[in-house]
Amino acid sequence: IIQLSEQDNARSVLNETTVKRFGEQNNKLASSIELIRSKVILERVLKRLPFEVSYYSKGEILTNELYKISPFSVEIRVKDSSILEEPILIEFKSENSFSVVYPFSSSKITATQEFKENQWVSTDELDFKIDILDYTTIQTLQKDLTSDAIFFKINSLTAVADQIIKELVVTPLNSEAKTIQIKLKDKNQQKATDIVNGIAAEFNK
């Protein structure tokens with residue numbers, strides 16, 4: 001829940017034409033709601049949260065996002081934006097080695113080739129290296145889930161913002177008290193909480 005201050009944050013971000021579309025009485029409330037739902041605010045929030053790379057485990061029915069609980073991490077250098085949003089499957093062979101199923105044909109990577117932890121892997125689209133944080137959890141995931149159980153994606157922040165906006169609900173809670181409620185529907189509760197709190201913090205700057 002956000003309580004609006006006397007300062008009109010929306011006017012400083014939204015253009016005057018957008019602000020003037022609202023009636024004078026509810027101008028500030030309505031324009032503030034539009035600002036909170038805007039990609040301007042959301043992309044700022046996403047840049048401060050761990051959204052550059054998303055990690056997933058794939059079951060027979062559901063795919064779970066391992067937001068802030070991934071048993072491995074990836075450092076990346078993107079060379080071609082075509083790699084964004086493409087799943088890169090990882091099979092861990094030992095506590096310090098893995099193989100890759102790469103989404104594009106690449107003579108530099110084969111499914112049987114093994115790479116070492118913290119070794120840079122290079123393709124035409126991407127350089128990346130993997131740090132194994134919790135091999136016991138990785139073993140459990142690979143044993144209990146389907147084949148190709150673990151993968152990561154490099155996010156397009158614009159695409160992520162577009163998806164979040166579809167599930168973001170911003171409503172006036174009490175017009176006299178000038179309070180606004182923010183809700184976000186997401187399968188990952190921690191991620192939804194971080195985004196909503198981030199939006200509130202960014203709006204109140």
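Colleague: Which residue of strand 10 is the bridge partner of valine 53?
Modeller: This is a predicted model, in which local features need pLDDT (the predictor's confidence in each residue, from 0 to 100) of at least 70, side-chain atom pairs count only at pLDDT 80 or more, and totals for chains, interfaces and linings use all residues. Residues are numbered from 1 along each chain as its sequence is written, and side-chain values use heavy atoms, leaving out hydrogens and water. Five bridges join strand 2 (residues 53-58) to strand 10 in an antiparallel manner, where strands are DSSP runs of E with at least two residues, numbered from the N terminus. The strand 10 partner of valine 53 is isoleucine 154.

Colleague: Which residue of strand 10 is the bridge partner of isoleucine 88?
Modeller: Strand 5 (residues 88-94) also runs antiparallel to strand 10, joined by three bridges. For isoleucine 88, the partner in strand 10 is phenylalanine 152.

Colleague: How many residues of strand 10 are buried?
Modeller: Buried means under 20% relative accessible area, exposed over 50%, and partly exposed in between (1.4 Å probe, protein chains only). On one side of strand 10, Ile150, Phe152 and Ile154 are buried, as are Phe151 and Lys153 on the other. For strand 10 (residues 150-154), the buried count is therefore five of five.

Colleague: Which strands stand at the edges of the sheet with the order 4-9-8?
Modeller: Two strands pair if DSSP finds at least two bridges between them. This open sheet has three strands with antiparallel pairing. Each edge strand has a single partner strand, so one side is left without a neighbour in the sheet; the two are strand 4 (72-78) and strand 8 (121-122).

Methods. Helices (H or I, at least four residues) and strands (E, at least two) are DSSP runs, numbered from the N terminus.
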